[in-house]
Amino acid sequence: MNKEARKPVDCGYEYRKAYIPLESNPVVFTELAHRLGLSESLAFVDILSLDDPDLLAFIPRPVVAFVLVFPTSDKYHKEKVADENRRKEYRGSGAGEDVMWFQQTIHNACGLYGILHAASNGEARSNIRPDSTLAEILQKAEPLTPKSRALSLEDSEDLEKAHAAAAQKGDSAVPENPEDEVDYHYICFVKSNKNGHLYQLDGDRKGPVDLEIPLAEGEDLMEKKVLDVLRGFIYGEDGDNQNFSLMALAPNLED
């Protein structure tokens with residue numbers, strides 16, 4: 001994946017609050033995830049190719065989530081609006097949800113929502129420290145409606161402090177104004193630990209998107225049917241694949 005995508009990224013609505021955006025850097029993502037309470041047994045790693053089997057073989061498994069960074073083009077916005085117009089607003093809550101989804105109400109925080117979605121679902125969720133900020137957030141958020149759940153994130157001072165520290169790290173210049181617009185966006189892909197389906201999680205959508213791709217017990221996100229979804233997303237939007245970056249949440253080989 002092109003390292004040009006290693007820059008602050010964002011989303012595209014009017015929000016109630018604004019953060020300095022995160023760099024799309026697996027070290028930054030991993031440090032923030034660990035600070036929030038994800039076990040150090042998991043870490044984010046770069047996916048440098050979806051087509052080179054030798055490079056794919058280096059990715060630790062099982063992969064429990066993907067975070068994709070991409071340019072928010074006019075084509076993307078038009079297709080997203082058309083797709084969202086066909087969907088009903090998500091109203092799920094409680095322990096019976098197939099996935100944990102957070103509606104985004106914090107401007108320039110797409111990376112944070114990518115981390116939250118990756119860590120809060122599938123196998124990653126069982127790797128959250130019980131005394132952590134993330135555990136507290138999930139305990140409070142789970143019984144709430146999506147709108148109340150979103151507001152509970154805004155109210156977390158620990159979450160805001162952790163994000164602010166992470167936003168100062170990386171190789172990119174940090175925007176001085178958190179209200180500044182940037183042209184990239186994060187979304188997350190996870191396997192539901194309830195129905196086994198592949199989900200696309202994006203806080204700027206009306207809710208979680210069930211891609212209706214079943215993954216059997218023991219199958220992770222490196223299966224061909226999942227990689228084909230990612231290829232379709234990337235190549236369908238930008239045939240030369242130059243402006244995308246992909247990270248996997250996987251076993252931490254340095255732990």
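## A cis peptide and two positive phi angles

P62 sits in the loop that runs between helix 2 (53-56) and strand 3 (65-71). In this predicted model, the peptide bond joining R61 and P62 is cis, with an omega of about 10 degrees.

Two residues other than glycine have a positive phi. N108, found in the loop between strand 4 (106-107) and helix 4, has a phi near 65 degrees, and E212, which belongs to strand 7 (residues 209-214), has a phi of about 55 degrees. Their surroundings can be told apart by accessibility: N108 has a relative accessibility of 2% and therefore counts as buried, whereas E212, at 63%, counts as exposed.

## Overall organisation

The protein chain contains 8 helices and 8 strands, and 55% of its 255 residues are buried. Of the contacts between residues at least 6 apart in sequence, 74% join residues that are at least 24 apart. The chain exposes about 11600 Å², of which carbon and sulfur atoms supply 48%.

## Nonpolar cores and helix 4

The largest nonpolar core has 48 residues, and the members that touch the most others are L22, F44, F102 and L249. Helix 4 (residues 110-119) contributes 7 residues to this core, the largest share. A second core, separate from it, has 24 residues, among them L56, L198, L221 and A250.

What does F102 contact beyond its neighbours within four places in sequence? Its partners are Y113, L116, H117, S120, I137, L138, A141, R149, L153 and G203. Three of these partners, Y113, L116 and H117, also appear among the buried residues of helix 4. Because 10 of the 10 residues of helix 4 are buried, this helix is largely enclosed by the rest of the structure; its buried residues include C110 and G111 as well as A118 and A119.

## Helix 3 and its two faces

Helix 3 (residues 74-85) consists of 12 residues and spans 17 Å from its first C-alpha to its last, which is close to the 16 Å expected at 1.5 Å a residue. Its buried residues are Y76, K80, D83 and E84. Viewed down the helix axis, the buried residues of helix 3 fall within an arc of 95 degrees, so they line one face of the helix. The face turned away from this buried side carries D74, K78 and N85, which are exposed.

## Aromatic pairs

The structure holds 6 aromatic pairs. In one of them, F29 and Y186 are tilted, with 5.2 Å from centre to centre and 45 degrees between the planes. Since F29 lies in helix 1 (residues 26-36) and Y186 in strand 5 (residues 184-191), the pair ties together parts that are 157 residues apart in sequence. Both F29 and Y186 are buried.

The rings of F189 and F233 have centres 6.5 Å apart and planes at 85 degrees, so this pair is edge-to-face; the angle lies over the 60 degrees that this class requires. With F189 in strand 5 and F233 in helix 8 (residues 224-237), the pair links distant parts of the chain, 44 residues apart. F189 is buried, its relative accessible area being 1%. F189 and F233 also belong to one aromatic cluster together with F70 and F244.

Note on methods. Residues are numbered from 1 along each chain as its sequence is written. This is a predicted model: local features need pLDDT of at least 70, side-chain atom pairs count only at pLDDT 80 or more; totals for chains, interfaces and linings use all residues. Side-chain values use heavy atoms; hydrogens and water are left out. A nonpolar core is a set of buried Ala, Val, Leu, Ile, Met, Phe, Trp, Tyr and Cys residues joined through side-chain atoms within 4.5 Å. Buried means under 20% relative accessible area, exposed over 50%, partly exposed in between (1.4 Å probe, protein chains only). Helices (H or I, at least four residues) and strands (E, at least two) are DSSP runs, numbered from the N terminus. Contact means heavy atoms within 4.5 Å. Accessible areas come from the Shrake-Rupley method with a 1.4 Å probe; for residues, only the protein chains shown count as cover. Rings of Phe, Tyr and Trp (its six-membered ring) pair if their centres lie within 6.5 Å; planes under 30 degrees apart count as stacked, over 60 as edge-to-face and the rest as tilted. The expected span of a helix is 1.5 Å times one less than its number of residues. The arc is that of the directions from the helix axis to the C-beta atoms.
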